[in-house]
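Me: Got a minute to go through this one with me? I'd like to start with the fold and then look at some local details.

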Protein chains: 2
Amino acid sequence: MVVAVEVHDIAAARLRDTDQRYTRNRRAIVTALAATDRPLTLPELLKANKGLPQSSAYRNLAVLEEAGVVRRVVSGGEFARYELAEDLSEHHHHFICSTCGAIEDFTLPADVEATVERALQRAARRTRFAGVHHQLDLVGLCANCQ
Amino acid sequence: MVVAVEVHDIAAARLRDTDQRYTRNRRAIVTALAATDRPLTLPELLKANKGLPQSSAYRNLAVLEEAGVVRRVVSGGEFARYELAEDLSEHHHHFICSTCGAIEDFTLPADVEATVERALQRAARRTRFAGVHHQLDLVGLCANCQ
DNA sequence: CTCAGTGCAAAGGATTTGCATGCCG
DNA sequence: CGGCATGCAAATCCTTTGCACTGAG
């Protein structure tokens, strides 16, 4: 896990590369995302950032995604979710509750990751897709919904 | 892969279990989904079924999903996608184009699946999630978008 | 000064729902 | 007959966008 201060430096640098600024709103969003252990919905981001208007949040998230600082996670729930880009946090997976949409992060042992990654790269070679990275989620029922 | 006629029988049975009927529209949707090798968007379903109104399609897909006949696949694109439930087709994964949202199915060697599944069940035990099944997708650029 | 960022309000667009009608059991 | 299914149209609601204003460089 990259330390928090570095995250801001990297975010600033990536934005600069596309001629954008690392403003207070954007820094606040990154801070909020760095502080949790699961992807946040927009309402959650707004709650963590009183005073941040929806439209600014959406717009800034789009910019941050474009710059490779955040990643949009489509979980199937009503809202999209956002998390820091993998190289700003660490490779991980999600538990997704199929009933309420709750999400939780988890990681796999390195050797399993390696096996999966190898098999996937092999599979990818048989198709016309390129620049592939994987996304492995678990779907089930969370404690509340069981 | 279960043969086509069985799919309809199973679909009918599952609907009956929830006091719903296997109508012409629903059968048409299932037929269309059984005929492709990738999840379909709603527009694609409508195109494959001239005369089927949007609202009926959405409503029937919801019913079919509820009955466990189809599965909604959230690919991140503009439209949701739908495919037959796994036990009506077979366990598979998706290549997803991060630019245009195109999707293609693929499968992994059985031994890799087994390894992954074992590791995931172990990981799942450490959380409060239950009834877990995995969902492994590859994200990259399709031939058109490279 | 300039131009990206901001915030409000309004628009967009996929999906859902109300309601009257049709049809299967 | 009774109740689910249908289809049209209208409503929802997450997300995007237009526009005037502010602020950093």
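Reply: Sure. One term before we begin: a contact here means heavy atoms within 4.5 Å. Also keep in mind that this is a predicted model.

Me: OK, so with that, what share of the contacts in chain A between residues at least 6 apart in sequence join residues at least 24 apart?

Reply: That share is 49% in chain A, counting contacts between residues at least 6 apart.

Me: And which helices and strands are we dealing with, in what order along chain A?

Reply: Chain A has five helices and six strands. Going along the sequence, the order is α-α-β-α-α-β-β-β-β-α-β.

Me: How much of chain A is buried?

Reply: Of its 146 residues, 44% are buried. As for the outside, chain A has an accessible surface of about 7800 Å², and carbon and sulfur atoms account for 48% of that.

Me: What box do the C-alpha atoms of chain A fill?

Reply: Roughly 45 × 40 × 30 Å, along the principal axes.

Me: Charges next. How far apart are the mean positions of the positive and negative ones in chain A?

Reply: They are 6 Å apart, with 18 positive and 19 negative charges in chain A.

Me: Switching to chain B. What span does helix 2 have there?

Reply: Helix 2 of chain B covers residues 24-35, so 12 residues, and runs 16 Å from first C-alpha to last, close to the 16 Å expected at 1.5 Å a residue.

Me: Which of its residues are buried in helix 2 of chain B?

Reply: R26(B), I29(B), V30(B), A32(B) and L33(B). They span an arc of only 160° around the axis, so they sit on the same side of helix 2 of chain B.

Me: What's exposed on the face turned away from that buried side?

Reply: R24(B) and A35(B) are the exposed residues carried by that face of helix 2 of chain B.

Me: Now the backbone. What's the phi of D19(A)?

Reply: It's positive, about 60°, although D19(A) is not a glycine. Most residues other than glycine have a negative phi.

Me: Where does D19(A) lie, and is it buried or exposed?

Reply: D19(A) is in the loop between helix 1 (4-17) and helix 2 (24-35) of chain A. Its relative accessibility is 74%, so D19(A) counts as exposed.

Me: And what about D19(B), what phi does that one have?

Reply: D19(B) has a positive phi of about 60° and is not a glycine either. D19(B) lies in the loop between helix 1 (4-17) and helix 2 of chain B, and is exposed, with a relative accessible area of 74%.

Technical notes
Residues are numbered from 1 along each chain as its sequence is written. Chains are lettered from A and ligands numbered from 1 in the order in which they are written. This is a predicted model: local features need pLDDT of at least 70, side-chain atom pairs count only at pLDDT 80 or more; totals for chains, interfaces and linings use all residues. Side-chain values use heavy atoms; hydrogens and water are left out. Helices (H or I, at least four residues) and strands (E, at least two) are DSSP runs, numbered from the N terminus. Buried means under 20% relative accessible area, exposed over 50%, partly exposed in between (1.4 Å probe, protein chains only). Accessible areas come from the Shrake-Rupley method with a 1.4 Å probe; for residues, only the protein chains shown count as cover. Lys and Arg count as positive and Asp and Glu as negative; His and the chain ends are not counted. The place of a charge is taken as NZ of Lys, CZ of Arg, CG of Asp or CD of Glu. The arc is that of the directions from the helix axis to the C-beta atoms.
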